[in-house]
Amino acid sequence: MSINGKTRVCAIIGDPVEHSLSPVMHNAAFQKLGLNLVYVAFKVTKDGLKDAISGARSLGLRGLNVTMPHKNAVIYYLDEVDSTAKTIGAVNTILNNQEKLVGYNTDGKGAMIALQENGISTEEKKMLLLGAGGAAKAIAFQAAQEVEELVIVNRTSEKAEQLAKMLGKNFGNKVNGRKLSDEVLKQELETTDILVNATSVGMHPSVNSSPVPSDLLHSDLCVMDIIYNPLETKLAKDAKAVGAKVVSGLDMLLYQGAVAFEIWTNCPAPVDVMKKAALDKLAEQGDIH
Ligand code: NAP
């Protein structure tokens, strides 16, 4: 990589960010396409967000990824927010377009592309989405436009119900929100085609937890666990064991990154190169805890 006076900078901001896979993925992609861009990670605390965005503006950064805890709050410091990110109330990608900072949310698209790329069509399918947090909201927004039926279940049922109501208004009545329980999972899973875990249950260090009892899983399911730390969650292992098709959270991470890359560069993202860089980094670190 040759850095010179014309190199533009992209970055991820969040806290923590030191284990992020985004720098290796994007730098590999910039190099592959010979783009004069470089990607770094900045740890930005909650109190530092306003100054960080102002700094990104002054320094002429080309783009930012935004991760926890800033996905919601960052909206207040942007010049424009695209309609998807506005509806979700969260931004994970910013483009500096001639000094105007524009916010996007690529998580939902990333999740849907990950399914497609694994040969899973969402058309005329029933999706059961676990969770109603930031990532779940983004996925629900995208999924509600594609699937036949969407059921959102969450520990805090009000959040699932509110999200379902909001999506129902936008996309019709095929979205329902329910409280997460084994009984509800049992009922819903019998007729579910695609199960997506967007809760944090099963994430490191609770690697032996799963949001779904293993005896409720069946071989007709496609299961995507969006957690990528660990790379293979207990839910993913249980799903594989019953013969279900499994999509890794790393694929969603990859494709949300690919969509961000395309927003910054207007070039198709070299996803194979990005995936290899992420997997090499994981192998080097022995996972990402
Ligand atoms: P978040 O906004 O904090 O939401 C967390 C969700 O998990 C909420 O629905 C919460 O339910 C639920 N939850 C937490 N603990 C639970 C428990 N013990 N039992 C049942 N439900 C529980 O987090 P997020 O940003 O959406 O992230 C969720 C997960 O997705 C994280 O593991 C994150 O790393 C991963 N993620 C992956 C990608 C990717 O590209 N692959 C992108 C974004 C996020 P309540 O509402 O009841 O609290």
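## Around Asp107

Leaving aside residues up to four places away in sequence, Asp107 touches Lys71, Asn92, Ala138, Met252 and Gln256. This is a predicted model, so read every contact here in that light. Asp107 sits in helix α4, which covers residues 107–117. Is Asp107 buried or exposed? With a relative accessible area of 7%, Asp107 falls under the 20% cut-off, so Asp107 counts as buried.

## Strands β4, β5 and β6

Strand β6 (residues 100–104) has a partner in strand β4 (residues 80–81), and the two run parallel, joined over two bridges. In that pairing, Glu80 stands opposite Val102 of β6.

Strand β6 also pairs with strand β5 (residues 93–97), this time in the antiparallel sense and over five bridges. Here Thr93 is the residue opposite Tyr104 of β6. Now for the turn: β5 and β6 make a hairpin with two residues between the strands, and Gln98 takes a positive phi near 50° there. As a reminder for anyone looking at the side chains, in a regular strand they alternate between the two faces of the sheet.

## Aromatic pairs

How many aromatic pairs does the model hold? The count comes to three. One of them joins Phe30 and Phe261, whose rings are stacked, at 5.5 Å centre to centre with 25° between the planes. Phe30 belongs to helix α1 (residues 22–33) and Phe261 to helix α9 (residues 249–265), so this pair ties together parts that lie 231 residues apart in sequence. Phe30 has 1% relative accessibility and counts as buried. Phe261 is buried as well, at a relative accessible area of 0%.

Tyr39 and Trp264 make another aromatic pair, a tilted one, with 6.0 Å between the centres and 45° between the planes. This pair also links distant parts of the chain: Tyr39 comes from strand β2 (residues 37–43) and Trp264 from helix α9, 225 residues apart. Both Tyr39 and Trp264 are buried.

## Thr265 in helix α9

Thr265 is part of helix α9 too. Thr265 has a relative accessible area of 14%, so with the limit for buried set at under 20%, Thr265 counts as buried. Not counting residues up to four places away in sequence, Thr265 touches Phe30, Leu35 and Leu37. Phe30 is also the α1 member of the stacked pair with Phe261.

What does the side chain of Thr265 reach? One target is the backbone oxygen of Phe261, at 2.8 Å. The Thr265 side chain also reaches the backbone nitrogen of Cys267, at 3.0 Å. As for Asn72, it is 193 residues away from Thr265 in sequence and 24 Å away in space, going from C-alpha to C-alpha.

## The ligand site

Which residues come nearest to the ligand? Of the 21 residues around the ligand, the nearest are Asn154, Thr156, Lys159, Met203 and Ile226. Asn154 puts a polar side-chain atom 2.7 Å from a ligand oxygen.

Backbone atoms take part as well. A backbone N or O atom of Ala132 lies 3.0 Å from an oxygen atom of the ligand, while a backbone N or O atom of Gly249 lies 3.0 Å from a ligand nitrogen. Gly249 is also where helix α9 (residues 249–265) begins. Taken alone, the ligand exposes 930 Å², and the protein buries 76% of that area.

Conventions:
Residues numbered from 1 in each chain as written. Predicted model: local features only at pLDDT ≥ 70, side-chain atom pairs only at ≥ 80, totals over all residues. Heavy atoms only, no water. Phe/Tyr/Trp six-rings, centres within 6.5 Å; stacked < 30°, edge-to-face > 60°. Helix = DSSP H or I, 4+ residues; strand = E, 2+ residues; numbered from the N terminus. Buried < 20%, exposed > 50% of the residue type's maximum accessible area, 1.4 Å probe, protein only. Contact = heavy atoms within 4.5 Å. Polar contact = N/O pair within 3.5 Å; in protein donor to acceptor, adjacent residues only side chain to side chain. Near = heavy atom within 4 Å. Areas by Shrake-Rupley, 256 points an atom, 1.4 Å probe, with all protein chains shown as cover. Pairing = 2+ DSSP bridges.
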